[in-house]
Amino acid sequence: MQTVLSGIRSTGNLHLGNYYGALRNFIKMQDQYNCYFFVADYHSLTTHPDPKILYENVKNVITEYLAAGLDPEKSTLYIQSDVPEIPELYLLLNMHAYMGELAKTPSFKEKARKQPENVNAGLLTYPVLMATDILIHRANFVPVGKDQEQHIELTRKFGRRFNNFYGVEFFPEPQAFNFGTNLIKIPGLDGSGKMGKSEGNCIYLKDDPKSIEKKVKKALTDQGPTEMNQAKPECIENLFTILRVVSTPETVNYFEEKWNTCEIRYGDLKKQLAEDIIKVTEPIRERILAIENDAAYLHKVTKLGAEKARESASGTLREVREIMGFRPF
Ligand code: TYM
């Protein structure tokens with residue numbers, strides 16, 4: 001059976017981008033694959049979170065995975081820092097990752113620009129840790145959004161390099177995965193390219209209906225089309241992109257038609273968009289509220305997940321150590 005793995009950093013509540021880019025695809029794969037999904041809490045350390053916030057974030061992310069439909073019986077659901085085999089493999093793989101290639105990774109350059117006062121070594125080797133997450137379970141598919149494509153490409157490179165260096169066929173080549181074929185990017189409501197926590201333009205799975213209506217109402221729009229069939233400006237295309245994932249094809253066609261004939265009313269579009277987002281998020285929100293204070297359940301789930309993840313990870317690590325020449329005397 002082929003293996004699927006994905007994860008989300010514990011930097012805050014989950015938003016629509018996380019859900020449609022990664023989580024929902026993963027949930028749909030739970031019946032056919034050997035599935036691993038985890039909270040990337042080590043990855044969140046690059047920005048030096050307050051310890052109390054780190055703990056709360058990990059708890060929230062686990063809760064929200066479960067509320068969104070991740071089944072801890074079918075999948076292995078775990079916290080990255082519960083698996084000590086990960087930092088060990090990370091150390092080993094770091095020996096085969098080069099300064100030059102890491103420094104020119106676009107995500108590193110962007111982070112270095114955003115936090116010039118804190119360009120730490122963890123930021124530089126972030127792609128190695130991410131490759132470790134994937135390779136440690138020898139995953140075949142990685143459901144992620146468009147922004148992670150380069151990291152999956154680097155993971156393939158590191159895996160291939162290891163195989164070639166030691167003359168083995170050990171790590172498979174993982175593929176970024178999305179059911180809708182192309183990887184997607186959910187845009188923000190502020191006319192910007194991407195919905196993201198650090199961009200502050202998110203609709204969270206935990207948002208209540210009133211705040212979703214408010215956020216959508218405030219979304220950036222323009223004066224409206226002036227010519228038939230004209231191309232949409234970015235802020236309007238963004239609203240349609242979200243509509244395409246949350247609404248039915250009939251609804252999308254209806255508003256496309258209204259756009260093309262210059263009859264669109266943004267108030268109607270926003271009302272429909274908010275309504276359809278709420279249809280997706282409300283059942284998840286209700287489950288979040290039901291689970292979030294169930295400490296015993298969260299403890300049980302994460303304990304079981306850590307055991308299953310360690311079993312798989314330690315098998316890989318044992319073989320890697322042997323391949324590299326670590327043997328007992
Ligand atoms: P992170 O935590 O930034 O995002 C988690 C997942 O959500 C997707 N995503 C989006 N997809 C579409 N549109 C958006 N606006 C949007 N925003 C976020 C991301 O593509 C991602 O799939 N480095 C990773 C976490 C990670 C990981 C891994 C993922 C660590 N190790 C191993 C997969 C496999 C990250 O920072 O994602």
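These questions and answers go through the pocket, the domains and the salt bridges of a predicted model.

Trainee: How much space lies in the largest pocket?

Mentor: The lining of this pocket counts 50 residues, and the closest to its centre are Arg9, Tyr126, Asp147, Gln148 and Lys194. The space in the largest pocket is about 1300 Å³.

Trainee: Which element gives the largest share of the lining of the largest pocket?

Mentor: Several elements supply at least two residues each, among them the strands β1 (3–9) and β2 (34–40) and the helices α1 (16–29) and α8 (149–166). Helix α5 (106–114) is also one of these. The largest share, 6 residues, comes from α5.

Trainee: By class, how many residues of that lining are charged?

Mentor: Arg9, Asp147 and Lys194 are among the residues closest to the pocket centre, and Asp, Lys and Arg count as charged. The lining as a whole also has 19 nonpolar and 21 polar residues. The charged residues number 10.

Trainee: How far apart do the C-alpha centres of domain 1 and domain 2 lie?

Mentor: The domain assignment gives domain 1 as 3–184 + 295–324, in two segments, and domain 2 as 209–289. Their C-alpha centres lie apart by 32 Å.

Trainee: Which three residues supply 62% of the area that domain 1 buries against domain 2?

Mentor: The contact takes 8 residues from domain 1 and 9 residues from domain 2. About 720 Å² is buried between the two domains, with 76% of it from carbon and sulfur atoms. On the domain 1 side, the three residues that supply more than any other three are Leu16, Tyr20 and Ala67.

Trainee: What is the count of salt bridges between domain 1 and domain 2?

Mentor: The structure holds 24 salt bridges. Between domain 1 and domain 2, however, the count is 0.

Trainee: With which residue does Glu199 form a salt bridge?

Mentor: Glu199 is in the loop between β5 (175–177) and α9 (209–217), and its partner is in helix α5, 85 residues apart along the chain. A salt bridge needs a nitrogen and an oxygen within 4 Å, and here the closest N and O atoms are 3.9 Å apart. The partner of Glu199 is Lys114.

Conventions: Residues are numbered from 1 along each chain as its sequence is written. This is a predicted model: local features need pLDDT of at least 70, side-chain atom pairs count only at pLDDT 80 or more; totals for chains, interfaces and linings use all residues. Side-chain values use heavy atoms; hydrogens and water are left out. On a 1 Å grid over the protein atoms alone, a cavity is a set of points where a 1.4 Å probe fits but cannot get out, and a pocket is an open set with protein on both sides within 12 Å along at least five of seven lines; lining residues have an atom within 4 Å of a point. Grid points are joined across faces, edges and corners, and a volume is the space filled by probe spheres set on the points. Helices (H or I, at least four residues) and strands (E, at least two) are DSSP runs, numbered from the N terminus. Domain bounds come from an automatic or database domain assignment. Contact means heavy atoms within 4.5 Å. Buried area is the accessible area (1.4 Å probe) that two parts lose on being put together, summed over both. A salt bridge is a side-chain nitrogen of Lys or Arg within 4 Å of a carboxyl oxygen of Asp or Glu.
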